[in-house]
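Me: Please take a close look at one part of this structure and describe how that part sits within the whole chain. I would like a careful, connected account.

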Amino acid sequence: MPGVTGPSDYSKEPPRHPCLQINSKEPFNAEPPRSALFRSYVTPVDLFYKRNHGPIPVVDDIERYSVSVSGLVENPKNLSMKDIRMLPKYDVTATLQCAGNRRTAMSKTRAVKGVGWGVSAIGNAVWGGARLADVLELVGIPKLSSSSKSGGKHVEFVSVDRCKEENGGPYTASIPLIQATNPEADVLLAYEMNGEPLNRDHGYPLRVVVPGVIGARSVKWLDSITVTAEECQGFFTQKDYKMFPPSVNWDNINWNTRRPQMDFPVQCVICSLEDATAVKPGKVTVSGYAASGGGRGIERVDVSFDGGKTWVEASRYQKPGIPYVSDDESCDKWAWVLFEATADVQSNTEIVAKAVDSAANVQPENVEDIWNLRGILNTSWHRVQVRVGQSNM
């Protein structure tokens, strides 16, 4: 496509924070230490997890870069960055989370396939750009449309990114047209992250951000947008990122029996303590994040300091000085909530955290009950072991 270098230049890796834990080098996948997450409501760009399915493209000529918008539309267009920047700009605070977040813990139950993520394949950023609904109006699709005049019902995003799973073809994903044309869904074509231009790791010069949905649908390095009659038929929509029961294995799997995963379930993680932590006797403060998909708020975070026998309700907050009320207009509906709880700990114990979202969805207690062969959506209660003083666990 115009403005993109050839594969020989993909090897020029962008600069990255030295604290990142690299889970795979090719393609590059890395996450920050968990302790970095709860210290800031908005995750710094260099501490935001990096998820890639192929070599990182280089767009070297922004003047020649454009995005085609075509398919089952009235008036196909090629849009330059100047065209997109002329549309009204919106800032949306939204949490992106890889579907494989916490996969490593799930793999301890039974082996799974996928990048070995800890608990930090998640981050919260302020995304700036044009609403997809405004872009689609330019090609003749009104807001709140479930179908175009030509029968389009889905919007497919095609990346510059090339993947081995697509036999060298581009990474693709799609969302329903009704979601794409709904201004309240806040789907963006983003060119800024935390007030700065996107960097290469996060999709420069333009990416899709689909709030409340697993990160796999927020396509980076956008090449084209196509309105289609059917959902995307690409590998990562049809043969990956689907939730199967524990009884399904690689011998009996039938990908057609499950829909592509969209919203992420309610999630909660302790970030102020590692999986095994030594502390002094006395007050112990537990902090972390909680998030749910689909714009659902966090109604409650429960923390147990005795392995789940008794529970205390944690305080919840987003922006400093503004009380957090689940689903209130003053709060960011697409963003995570940070939590904190304190208790007196005098002996070795297990500390557990679980969240409840505004639809009263709860996290499963045990990871065994939600084990699946791709290791996605591990939202089981989060547990850390605490050793007090010099005693043995």
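Reply: What follows begins with the chain as a whole, turns to one strand and its partners, and ends with a single residue elsewhere.

The model is a predicted one, and its chain has a secondary structure of 5 helices and 21 strands. With a radius of gyration of 21 Å, close to the 21 Å that the globule rule gives for 393 residues, the chain is as compact as a globular protein of that length. Along the principal axes, the C-alpha atoms occupy a box of roughly 70 × 50 × 40 Å. Buried residues make up 56% of the 393 in the chain, and among contacts with a separation of 6 or more, 72% are between residues 24 or more positions apart. The surface that the chain exposes comes to about 16,500 Å², of which carbon and sulfur atoms supply 49%. As for charge, there are 43 positive and 45 negative side chains, and the centres of these two sets lie 3 Å apart.

Against this background, the part to examine is strand 6, which spans residues 122–131. Because 9 of its 10 residues are buried, strand 6 is largely enclosed by the rest of the structure. Strand 5, made of residues 89–97, pairs with strand 6 in the antiparallel sense over 9 bridges. Strand 9, residues 188–193, also runs antiparallel to strand 6, and 5 bridges join these two strands. The residue G128 illustrates both pairings, since in strand 6 it is the bridge partner of D91, while in strand 9 the residue standing opposite G128 is E192. In a regular strand, side chains alternate between the two faces of the sheet.

A residue in another strand offers a second view of burial. A341 belongs to strand 19, which covers residues 337–345, and A341 counts as buried because its relative accessibility is 6%, where the cut-off for buried is under 20%. Setting aside neighbours within four places in sequence, A341 is in contact with V284, T285 and V286, with V303 and F305, and with V312 and A314. As a reference for distance across the model, A341 and D201 are separated by 140 residues in sequence, and their C-alpha atoms are 34 Å apart in space.

Definitions and conventions
Residues numbered from 1 in each chain as written. Predicted model: local features only at pLDDT ≥ 70, side-chain atom pairs only at ≥ 80, totals over all residues. Heavy atoms only, no water. Helix = DSSP H or I, 4+ residues; strand = E, 2+ residues; numbered from the N terminus. Buried < 20%, exposed > 50% of the residue type's maximum accessible area, 1.4 Å probe, protein only. Contact = heavy atoms within 4.5 Å. Pairing = 2+ DSSP bridges. Rg over C-alpha atoms; globule rule 2.2 N^0.38 Å. Areas by Shrake-Rupley, 256 points an atom, 1.4 Å probe, with all protein chains shown as cover. Lys, Arg positive; Asp, Glu negative; His and termini not counted. Charge placed at Lys NZ, Arg CZ, Asp CG, Glu CD.
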